[in-house]
Amino acid sequence: MISKLPHVGTTIFTVMSALAAEHKAINLSQGFPDFDCDETLKELVYAAMQQGHNQYAPMAGIPSLREAIAEKVYNAYRQTVNPGTEITITPGGTYAIFTAIATCIQPGDEVIIFEPAYDSYIPNVLVNGGVPVLVPLTFPEYRINWELVRSKITARTRMIMLNTPHNPTGSILTETDIRELERLVAAHNLLVLSDEVYEHLVYDGRQHHSILKYPNLFRNSFVTFSFGKVFHVTGWKMGYCIAPAHLMQEYRKVHQYLCFSVNTPMQYGLARFLETPSHYLLLPAFYHEKRDYFLQLMAGTRFTPLPCHGSYFQLMRYDQISDESDKDFTIRMTKEFGVASIPVSAFYQNGHDDHVIRFCFAKRNETLEQAAERLTGV
């Protein structure tokens with residue numbers, strides 16, 4: 001058999017988590033919390049099971065959940081979306097991204113992807129016959145160079161993929177970025193795929209510029225989200241996609257043959273949980289405090305933090321410690337000091353290495369304290 005992804009192996013997240021388990025290291029590598037979700041959410045899901053909501057849900061998702069999402073979108077972004085025709089519930093944010101690409105990318109279509117990039121983006125494009133066009137973000141701020149983007153656009157360019165707040169860097173789009181994007185989309189009739197799974201995790205008085213806020217962009221866009229990231233239930237694999245009706249109609253044609261529908265009791269539980277907006281409105285302050293506490297703890301080490309304005313990831317330079325490659329450094333740090341992280345070169349197709357590693361601070365304070373204590377010896 002000829003492989004569709006001949007150069008793809010096991011992801012770095014699986015590798016580092018396995019290494020952490022083998023060496024009993026503190027796992028600050030993979031992006032999941034080590035604390036539990038709200039007890040109320042679990043009770044609501046259990047109640048849905050007890051009430052008999054255990055069979056297939058409608059293909060697009062149960063109406064009450066889509067209606068709750070539409071209300072949340074209006075309250076957050078003053079954008080009216082139709083829950084009947086513009087929202088689809090998906091088994092996770094990564095699935096939502098893949099389905100959007102599968103919906104519109106034809107063989108030979110070019111897709112602009114900013115690096116460092118979440119690891120699923122490039123394989124998603126390749127397996128659907130598309131051509132990834134890679135644009136590096138400007139180090140160390142990880143900003144978009146829009147002149148470089150313009151130079152990459154050709155007659156075959158079909159889509160631009162965005163991620164804000166950004167994984168792995170913690171950077172966020174600005175109003176200036178949005179205006180530049182609007183000009184490019186209008187001039188070249190481009191589609192936009194915006195990964196916004198960390199939408200509520202924005203700090204330092206900054207604002208999340210969701211594509212949903214900008215009608216000129218939304219009419220050409222798929223916007224994806226994750227309940228797992230928002231409500232600390234990554235193992236549930238629950239997310240959703242929002243797109244204008246003409247795009248969502250095509251999206252659902254693909255979705256119905258990939259999974260058809262998503263976990264029914266979880267949908268009922270989430271619909272009820274969203275009735276209390278504080279469940280997500282308090283997240284920025286919660287994670288802002290986590291980030292600041294982690295930085296305070298890390299001040300006693302030789303690592304140098306880079307700016308993090310969003311997500312629950314903190315990048316650190318280690319140039320004062322070692323000149324090893326970031327991959328070798330993270331492996332040695334896991335084995336010798338008992339703390340696992342992710343080398344940022346794993347987010348580049350060509351393995352570009354700025355000697356920067358990624359830590360996840362979505363952990364209990366005790367976990368962060370133990371990790372920082374070990375890292376003072378590095």
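Let's start at Ile242: leaving aside neighbours within four places in sequence, Ile242 is in contact with Ile69, Val73, Val81, Glu86, Ile87, Leu212, Phe218, Ser221, Phe222, Val223, Phe225 and Met248. Please keep in mind that this is a predicted model.

What does Ile242 belong to? Ile242 sits in the largest nonpolar core, which has 92 residues, and together with Ile69, Phe231, Phe303 and Phe359 it touches the most other members. Helix 3, residues 63-77, gives the largest share of this core, with 6 residues. Apart from this core lies another, of 22 residues, including Ile122, Leu193, Phe222 and Ala243.

Now, the strands. Strand 8 covers residues 239-242 and pairs with strand 2, residues 87-90, in the antiparallel sense over 4 bridges. One pair you can look up there is Thr90, whose bridge partner in strand 8 is Gly239. Which way do the residues of strand 2 point? Ile87 and Ile89 go one way, Thr88 and Thr90 go the other, and all are buried.

Stepping back, these two strands belong to an open sheet of 7 strands, in the order 2-8-7-6-5-3-4, with mixed pairing. Strand 2 and strand 4, residues 131-136, are the edge strands, each pairing on one side only. From one strand to the next, the twist averages 20 degrees. Packed on this sheet is helix 4, residues 93-104, which touches strand 2, strand 5 (157-163), strand 6 (191-195), strand 7 (221-226) and strand 8. The direction of helix 4 makes about 160 degrees with that of strand 7.

Let's move to the other sheet on my list. Here 4 strands form an open sheet in the order 9-10-13-12, and the pairing is antiparallel. Its edges are strand 9, residues 304-305, and strand 12, each with pairing on one side only. Strand 13 is the one I'd like you to look at. On one side, 5 bridges join it to strand 10, residues 313-317, running antiparallel. Strand 12 also pairs with strand 13 in the antiparallel sense, over 2 bridges.

Arg358 is a handy landmark in strand 13: Leu315 stands opposite Arg358, and so does Ile342. Next to that, Met316 has Ile357 as its bridge partner.

Why call strand 13 largely enclosed by the rest of the structure? Because 5 of its 5 residues are buried. Both faces are covered, with Val356, Arg358 and Cys360 on one side and Ile357 and Phe359 on the other. You have met Phe359 already, as one of the residues touching the most other members of the largest nonpolar core.

That brings us to helix 14. Helix 14 packs on this sheet by touching strand 12 and strand 13, and its direction makes about 45 degrees with that of strand 13. As a quick check on its geometry, the 12 residues of helix 14, 326-337, should span 16 Å at 1.5 Å a residue, and the end C-alpha atoms are 15 Å apart, which agrees.

Which residues of helix 14 are buried? They are Asp326, Phe329, Thr330, Met333 and Thr334. Seen down the helix axis, these fall within an arc of 130 degrees, so they line one face of helix 14. That spacing fits the general rule: an α-helix has 3.6 residues a turn, so residues three or four places apart point the same way.

The buried residues of helix 14 pack against helix 1 (12-22), strand 11 (339-340), strand 12 (342-343), strand 13 (356-360) and helix 15 (365-375). Finally, just after helix 14 comes Gly338, with a positive phi near 75 degrees.

Key
Residues numbered from 1 in each chain as written. Predicted model: local features only at pLDDT ≥ 70, side-chain atom pairs only at ≥ 80, totals over all residues. Heavy atoms only, no water. Expected span 1.5 Å × (residues − 1). Buried < 20%, exposed > 50% of the residue type's maximum accessible area, 1.4 Å probe, protein only. Arc of directions from axis to C-beta. Contact = heavy atoms within 4.5 Å. Core = buried A, V, L, I, M, F, W, Y, C linked by side-chain atoms within 4.5 Å. Pairing = 2+ DSSP bridges. Axes fitted to C-alpha atoms, helices over the stretch in contact; angles between N-to-C directions.
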